[in-house]
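This report describes the strand pairing, the nonpolar core and the overall composition of the chain displayed below. It is written for a reader who has the coordinates at hand.

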Amino acid sequence: MSDRQSAGPGVLRHLRGSFGTVGHDERGRFPPEGRRLAEKIVIRPPNVPPTIAITAPADGVTLLSGRPVVLAATATDAEDGDLAARIRWTSSRSGALGTGGALTVPMLPVGVHVLTAAVTDRDGATASASVTVTLAAST
């Protein structure tokens, strides 16, 4: 491929790394031989969504209401690494609970809660995991 040809989408799909390009000026003219109008283009592989796993509480567990609930999860991403600090926790009954890989919620109301941990990587790909817990009235 010469400097004046463009690479179609099929060619770019197989390229990775940093490449120099030769382009034309604002009037469509190419530079004389030996000179370049150069830009650096970085081609990254397609974004892969992060992975997330809830480690506490266990799915299906019954907890006593009025006591703190410890939430824990891990999240990683091939491009961004450890994303634990970006984990967002929600409850189907109580709404937003907080952020982070480890979070202690002072108390949750009696009833069934679907607890969800969600994370988004820097390129916007998301992942989530959920567990269902029951909060029972303490006697």
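In this predicted model, Ala72 has Ala102 in β9 as its bridge partner. The pair belongs to the ladder between β5 and β9 (residues 102-105), in which four bridges connect antiparallel strands. Strand β5 (residues 69-77) is also joined to β3 (residues 51-56), again antiparallel, by five bridges. Within that ladder, Ile52 lies opposite Ala75 of β5. A further antiparallel pairing links β5 to β6 (residues 81-82) through two bridges, with Thr76 facing Asp82 of β6.

The pairings that involve β5, together with the one between β4 and β11, are collected here.

| Strand pair | Direction | Bridges |
|---|---|---|
| β3 (residues 51-56) and β5 (residues 69-77) | antiparallel | five bridges |
| β5 and β9 (residues 102-105) | antiparallel | four bridges |
| β5 and β6 (residues 81-82) | antiparallel | two bridges |
| β4 and β11 (residues 126-136) | parallel | three bridges |

**The hairpin loop**

β5 and β6 make up a hairpin, with three residues separating the two strands. Ala78 is located in the loop between them. Is Ala78 buried or exposed? Ala78 has a relative accessible area of 72%, and because the threshold for an exposed residue is over 50%, Ala78 counts as exposed. Its C-alpha atom is 7.0 Å from that of Pro50, although 28 residues separate the two along the chain.

**The five-stranded sheet**

An open sheet contains five strands in the order β4-β11-β10-β7-β8, and its pairing is mixed. Its edges are formed by β4 (62-64) and β8 (95-99); each has a single partner strand, so one side of each lacks a neighbour in the sheet. On average, neighbouring strands of this sheet are turned by 35° against each other, direction ignored. At the β4 edge, the partner strand is β11 (residues 126-136), which runs parallel to β4 and is joined to it by three bridges. Leu63 is paired there with Leu135 of β11.

**The nonpolar core**

In soluble globular proteins, nonpolar side chains tend to be buried together. The largest nonpolar core of this model comprises 22 residues, and those with the most contacts inside it are Ile52, Leu71, Ile87, Trp89 and Leu97. At least two core residues come from each of β3, β5, β9, β10 (111-120) and β11. The greatest contribution is that of β11, which provides five residues. With neighbours within four places in sequence set aside, Leu71 touches Ala56, Pro57, Trp89, Leu97, Gly101, Ala102, Leu103, Val105 and Leu115. Ala102 thus appears both among the contacts of Leu71 and as the bridge partner of Ala72.

**The chain as a whole**

The protein chain contains one helix and 11 strands; along the sequence, the helix precedes the strands, in the pattern α-β-β-β-β-β-β-β-β-β-β-β. Of its 139 residues, 29% are classed as buried. The accessible surface is about 8,900 Å², with 54% of it belonging to carbon and sulfur atoms. Among contacts with a separation of 6 or more, 53% are between residues 24 or more positions apart.

**Confidence of the prediction**

The mean pLDDT of the chain is 83, with 71% of residues at 70 or more. Over residues 1-14, pLDDT remains under 50, and the model has nine contacts beyond four places in sequence for this segment.

Key: Residues are numbered from 1 along each chain as its sequence is written. This is a predicted model: local features need pLDDT of at least 70, side-chain atom pairs count only at pLDDT 80 or more; totals for chains, interfaces and linings use all residues. Side-chain values use heavy atoms; hydrogens and water are left out. Two strands pair if DSSP finds at least two bridges between them. Axes are lines fitted to C-alpha atoms, for helices over the stretch in contact, and angles run from 0 to 180 degrees between N-to-C directions. Buried means under 20% relative accessible area, exposed over 50%, partly exposed in between (1.4 Å probe, protein chains only). Contact means heavy atoms within 4.5 Å. Accessible areas come from the Shrake-Rupley method with a 1.4 Å probe; for residues, only the protein chains shown count as cover. pLDDT is the predictor's confidence in each residue, from 0 to 100. A nonpolar core is a set of buried Ala, Val, Leu, Ile, Met, Phe, Trp, Tyr and Cys residues joined through side-chain atoms within 4.5 Å.
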